[in-house]
Amino acid sequence: MARKLKANRLGARLPKGLRDLEADEIRSVRRILDIISEVYERYGFEPLETPALEFTDALGKFLPDSDRPNEGVFSLQDENKQWMSLRYDMTAPLARHVAENYQRIIKPFRRYTSGPVWRNEKPGPGRFRQFIQCDADTVGTTSIAADAEICMLAADTMERLGFNPEDYIIRVNNRKILDSLLMNIGIDPESDEHSDQRLIVLRALDKLDRVGVEGVSLLLGQGRKDDSGDYTEGAGLDTTAINTIINFLQGKQDTRSATLNVLRNLIGTDRLGREGVEELREIDELLQAAGFNEDRVVIDPSVVRGLEYYTGPVLEAELTFDVKNEQGQTLRFGSVGGGGRYDDLVARFTGQKIPSTGFSFGVSRLQTALLMRGYHNEHCTLGPVIVLVMNHGELSRYQQIVQQLRAAGIRSEMYIGTSGMKAQMKYADKRGAPCVIIQGDIERATGKIQIKDLIEGARMAEEVTEFKDWRELRPAQFSISENELVAAVKNVIARYEANPSLRSRSNRDVG
């Protein structure tokens, strides 16, 4: 029988590119989403939740940054043999919702949402097939004020999350200017004939921060071989075209107005390019009026975003501090979110353009960045208060104690295992409990309860070298009357909530 069970045993394994999230990370993500949602609500956006599954044809061309149409999603067939796919972003479901409900929704329609998205791509270090996005979009207005507001929203969210002004920058450009630049070098921004070359050029521009001006020049020309020896095919442009693009990429100046002047000179009389520059000028004017200076939002010609997706202003939220990669190289942390204007997406359903603009944060990258900035240490959740069971024959007594704590809003639990006190203390320690509640027969007879502050106890234990001294000190353990329980526990918890740094101790795991 045992052999048969062993033969039928399943292997415990996850599919590649997916992972389990444990308590600390889940709480961290919740805090981030709560903060982002708070800012989005303050700006007047309303929550909307769409299903994880959409009809595959409603999603359209999958992965807008990819040249592999109809790939990159996880799909299945329903009972009517219709193909459905897990959403790869939050914008395609929004377009479907707007088209389906266009006559009844208030316009401009302003919504925000958060949740997991799935991409059927090759996983790698830090690259997962399921991750969380948090979006805000305005649908149904051509006003450039909507785009300026998205820039402000991104900046306010970054600071509300705890990033200092020197830690981040919001970079803004306009796809109309990029399309004008492409036409200037002989590439039609809409022609199928030039689609491959256009894609290579735009991807090269998007890599400026990673490969530098020299690397971009190679990618615009005959191609580039990276440090690993992998070769990337170039766009095959001549020297004149390459120089035109490089001059454009280096057009960013110290102020937004100075950058706009450079862009005007580079664009010349081209109507589309002039339109793009004028839209950036309007954004700059609105940002100035709202007090968003160059230390928060800049105009940067190197911002590309969504290669086949955006139609007007585009922006990125970028973290400016340095980090080490897996090879020990120093790199800029880079983008944690992006967005812009997309006026063609809803038209797939309605047959007419419905102007839209929005922004999306990548929550996993935000979480990683906040950990690097010490956010985790300052906001780590305290574990529950543990009520120790000194007599397993009197569980009801300990259940009353824990219920008293819970009724007062204190996160707490009664130890429900079967082990003795030593194992119970280890359990409380591993759970990150701020304190434990002890009431044996002697304490009960005198109406007393012992509270042991585990955080303070660990700190004091590190300072005491002699066991005799430790016994005499009884580190951080004190006696109270039964009617003082709630107030005493709240005092212990309040101490560590007010001073998060006190929670750090070398010999404990904080849950």
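**Figure 1. Helix H13 and its buried face.** In this predicted model, helix H13 covers residues 363-372, and its buried residues are Val363, Leu366, Gln367, Ala369 and Leu370. Look down the axis of H13 and those buried residues fall within an arc of 165 degrees, so they line one face of the helix. Here's the background: an α-helix has 3.6 residues a turn, so residues three or four places apart point the same way. Just after H13 comes Gly374, which takes a positive phi of about 80 degrees.

**Figure 2. Helix H9 and the elements it packs against.** Which residues of H9 are buried? In this helix (residues 239-249), they are Ala241, Ile242, Ile245, Ile246, Phe248 and Leu249. Seen down the axis of H9, the buried residues fall within an arc of 160 degrees, so they line one face of the helix. Flip to the other side of H9 and you'll find Thr239 and Thr240, which are exposed. What do the buried residues of H9 pack against? Their partners are strand S7 (168-174), helix H6 (175-184), helix H7 (195-206), helix H8 (208-220) and helix H10 (256-267). Check the start of H9 too: there, a side-chain oxygen of Asp238 comes to within 3.2 Å of the backbone nitrogen of Thr240.

**Figure 3. Ser85 in strand S4.** Ser85 sits in strand S4, which spans residues 83-86. Is Ser85 buried or exposed? Its relative accessible area is 0%, so Ser85 counts as buried. Set aside the neighbours within four places in sequence, and Ser85 is in contact with Ala52, Leu53, Glu54, Thr56, Leu59, Val73, Phe74 and Ser75. With one of these, Thr56, there is a polar contact between side chains, at 2.7 Å.

**Figure 4. Lys81, in the loop leading to S4.** Lys81 is found in the loop between strand S3 (75-77) and S4. Its phi is near 65 degrees, which is a positive value in a residue other than glycine. Lys81 has 62% relative accessibility, so this residue counts as exposed.

**Figure 5. A cis peptide bond and Thr141.** Take a look at the bond between Lys107 and Pro108: this peptide bond is cis, with omega about 0 degrees. Pro108 belongs to the loop between helix H4 (91-100) and strand S5 (109-118). Thr141 sits in another loop, between strand S6 (130-139) and helix H5 (144-161). Along the sequence, Thr141 and Lys107 are 34 residues apart, but in space their C-alpha atoms are 7.9 Å apart. Thr141 is in contact with Pro108, Ala146, Arg341 and Pro355, leaving aside neighbours within four places in sequence. The side chain of Thr141 also reaches the backbone nitrogen of Ser143, at 3.1 Å. Why is Thr141 called buried? The cut-off for buried is under 20% relative accessible area, and Thr141 has 17%, so it makes the cut.

**Figure 6. Ser412 and a partner from elsewhere in the sequence.** Ser412 is part of strand S15 (residues 412-414). How far apart are Ser412 and Val385 in space? Their C-alpha atoms are 4.4 Å apart, although the two residues are 27 apart in sequence. Not counting residues up to four places away in sequence, Ser412 touches Pro384, Val385, Val402, Leu405 and Arg406. With a relative accessibility of 9%, Ser412 counts as buried.

**Figure 7. Aromatic rings and their company.** How many aromatic pairs does a search of the whole structure find? It turns up 5. One of them joins Phe359 and Phe361 in an edge-to-face pair, with 4.8 Å from centre to centre and 75 degrees between the planes. Both Phe359 and Phe361 are buried. Elsewhere, Tyr40, Phe45 and Tyr112 form one aromatic cluster. Charged side chains join in as well: Arg19 lies over the face of Phe128, 4.5 Å from the ring centre. Arg348 lies over the face of Phe349, and here the distance to the ring centre is 5.2 Å.

**Figure 8. Zooming out to the whole chain.** The chain contains 20 helices and 18 strands. Of its 511 residues, 48% are buried. Now take the contacts between residues at least 6 apart in sequence: 69% of them join residues at least 24 apart. The chain's accessible surface comes to about 26500 Å², and 48% of that belongs to carbon and sulfur atoms.

Terms used. Residues are numbered from 1 along each chain as its sequence is written. This is a predicted model: local features need pLDDT of at least 70, side-chain atom pairs count only at pLDDT 80 or more; totals for chains, interfaces and linings use all residues. Side-chain values use heavy atoms; hydrogens and water are left out. Rings of Phe, Tyr and Trp (its six-membered ring) pair if their centres lie within 6.5 Å; planes under 30 degrees apart count as stacked, over 60 as edge-to-face and the rest as tilted. Buried means under 20% relative accessible area, exposed over 50%, partly exposed in between (1.4 Å probe, protein chains only). A charge sits over a ring if NZ of Lys or CZ of Arg is within 6 Å of the ring centre and within 35 degrees of the ring normal. Helices (H or I, at least four residues) and strands (E, at least two) are DSSP runs, numbered from the N terminus. Contact means heavy atoms within 4.5 Å. Accessible areas come from the Shrake-Rupley method with a 1.4 Å probe; for residues, only the protein chains shown count as cover. A polar contact is a pair of N or O atoms within 3.5 Å; within protein, one must be able to donate a hydrogen and the other to accept it, and residues adjacent in sequence count only if both atoms are side-chain atoms. The arc is that of the directions from the helix axis to the C-beta atoms.
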